[in-house]
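Work through these exercises with the structure open beside you. Try each task before reading its solution.

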Amino acid sequence: LLQRSARDLALVGVTRVPWAGLIALAPLIALFDEINGFIDVEQRLEGIAEQTEGVIGGSAMTAVLAAAIVVVAFTVIGAVLQATRELLANWNLRLYRTPTGLRRTAGLLTTTSRSSTIRRIQSLTTDDSPPQRWLGVTHARLRAFGDNDMSLPGSTDSDVEILRRLVFGALEPPARDRMISRWYVFRSTRNGAVLAIAAAIVMWFPVGPWALFAAAIVPLWWLAARRRWRLRRWGITTERISESYEFLSRHTAELPLFKGQVVSVTQSLFERRKGLASVEVRTADGFLRVPMIDEADAEAVRDRVLHILANDRRRFL
C-alpha cells in the first residue's frame, strides 16, 4: 500500500524539530572525560575563542558571533542526527494489506514487523511541522488497541486518503468547519497575566522600571492564544468526529463514533458562567477532546455518541 525511500526518510528527519535530535548526544556527556583525553576538546575550544577574539577585538560582537555559531552548529548537528535516526528506525518502511488486516515493516539494524486487524484501529491522526507542510508531507498514525500503533512518516495527502478509506470506508470525512469559543483566548491568557503582573510588582523594588519587562510577555501570550483559537477546528457527522489544532506544528485526529467507550461533558466554573462546556470521546486507545464549545453543542455530541453506542452492532475490536 505505502512505502518510503531513503530520500523520503532523510527529508522527514531533516524537517523535524532539529534540536530534539541532540538527545542522542546525551550518552557522550557521561564519556566527556574519556573523549577529552583523546581529542582535547577544551583546548580546541579555547583556541577557537582566541582566534575569534583576535579577529573582532574582543567586543560585544564576539559574544554575538559565538552564540550564532553555536546555534547554527547545534541546528545542523541536530538535523543530521534526526535524519540518521529516521533512516535507522524506518529504513525500507512498507505497509502491506494482508488477508487478516495490515502489516508494517521497517528498520535497518533491527527490522520490526507490526500487524493489526483493521477492526482494532481506533483512530487516524496526523502531525506535521511547518517545513513538512511546505513539502506536502505529514506524519500519519493508525492508533490501534494496545501497543500496536502504526507510524507512517512522510505521508502525502493521497496516502492519508488511502488510509482513511481503508480504515473508515468510503464516507467523506467530517468537515472541520466549527470553531471553539473566543473565550478560550481570555482563559488561556488570564493565569499567565496574573503571574506576570505579580512578578513585575515583586521585581519593581530591586530592579525598578526594568521589572516592566516581566509584564511585557502578556501580549505575546495573548497573541499565541489567539492563534491557537483561530486555527482550532472540529466537525462531526453521523459516523465520525474530527478535530485539528495548530500553533506552529499541526495535529489532526479522526475517529468513528462507534469506537467510543466513554463520552463525557465537563464544565469548569468559568465555563458554567459562560454557558460553555468541553466534550471528550474516549476510545480503547486514546481520546478526542473539544474544549469550550456551547453547552448545547457538547450535549448534542454526547447524545449522538451514546445513540450510536446503543444501536450500532459493529465490533469496536
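The expected span of a helix is 1.5 Å times one less than its number of residues. Keep that rule at hand for the first exercise. The model is predicted.

**Exercise 1. Helix α12**

Task: Find how far apart the end C-alpha atoms of α12 should be, and check the model against that span.

Solution:
- Step 1. Helix α12 covers residues 295-311, which makes 17 residues.
- Step 2. At 1.5 Å a residue, these 17 residues should span 24 Å.
- Step 3. The end C-alpha atoms of α12 are 24 Å apart, so expectation and model agree.

Task: Which residues of α12 are buried, and which exposed residues sit on the face turned away from them?

Solution:
- Step 1. Buried means under 20% relative accessible area, and exposed means over 50%.
- Step 2. Ala298, Val301, Val305 and Ile308 are buried in α12.
- Step 3. These four cover an arc of only 90° around the axis, so they lie on the same side of α12.
- Step 4. Recall the helix rule: with 3.6 residues a turn, residues three or four places apart point the same way.
- Step 5. On the face turned away from the buried side, α12 carries the exposed residues Ala296 and His307.
- Step 6. The cover over the buried residues of α12 includes β9, β10, β12 (262-266), β13 (276-282) and β14 (287-294).

**Exercise 2. Helix α10**

Task: Repeat the span check for α10, then find its buried side.

Solution:
- Step 1. Helix α10 runs over residues 217-230 and has 14 residues.
- Step 2. Its expected span is 20 Å, and its end C-alpha atoms are 20 Å apart, which agrees.
- Step 3. The buried residues of α10 are Val218, Ala224, Ala225 and Trp229.
- Step 4. Their arc around the axis is only 135°, so they share the same side of α10.
- Step 5. They pack against β8 (178-179), α8 (183-207), α9 (212-215) and β9 (233-236).

**Exercise 3. A four-stranded sheet**

Task: In what order do the four strands of the open sheet lie, and which are the edge strands?

Solution:
- Step 1. The order is β1-β2-β3-β4, with antiparallel pairing.
- Step 2. The edge strands are β1 and β4 (112-116), because each pairs on one side only.
- Step 3. Strand β1 (residues 2-3) pairs with β2 (residues 94-98) over two bridges. Here Gln3 stands opposite Arg94.
- Step 4. Strand β2 pairs with β3 (residues 101-106) over five bridges. Tyr96 stands opposite Arg103, and Thr98 stands opposite Gly101.
- Step 5. Between β2 and β3, a hairpin makes the join through two residues.

**Exercise 4. A pocket**

Task: What is the volume of the second largest pocket, and which residues lie nearest its centre?

Solution:
- Step 1. The volume is about 350 Å³.
- Step 2. The lining has 21 residues, and Thr126, Asp157, Arg176, Arg250 and Thr252 lie nearest the centre.
- Step 3. At least two lining residues come from each of β5 (121-128), α7 (157-168), β10 (240-246) and β11 (250-256).

**Exercise 5. The whole chain**

Task: How many helices and strands does the chain have, and what share of its residues is buried?

Solution:
- Step 1. The chain has 12 helices and 14 strands.
- Step 2. Of its 317 residues, 36% count as buried.

Key:
Residues are numbered from 1 along each chain as its sequence is written. This is a predicted model: local features need pLDDT of at least 70, side-chain atom pairs count only at pLDDT 80 or more; totals for chains, interfaces and linings use all residues. Side-chain values use heavy atoms; hydrogens and water are left out. Buried means under 20% relative accessible area, exposed over 50%, partly exposed in between (1.4 Å probe, protein chains only). The arc is that of the directions from the helix axis to the C-beta atoms. Contact means heavy atoms within 4.5 Å. On a 1 Å grid over the protein atoms alone, a cavity is a set of points where a 1.4 Å probe fits but cannot get out, and a pocket is an open set with protein on both sides within 12 Å along at least five of seven lines; lining residues have an atom within 4 Å of a point. Grid points are joined across faces, edges and corners, and a volume is the space filled by probe spheres set on the points.
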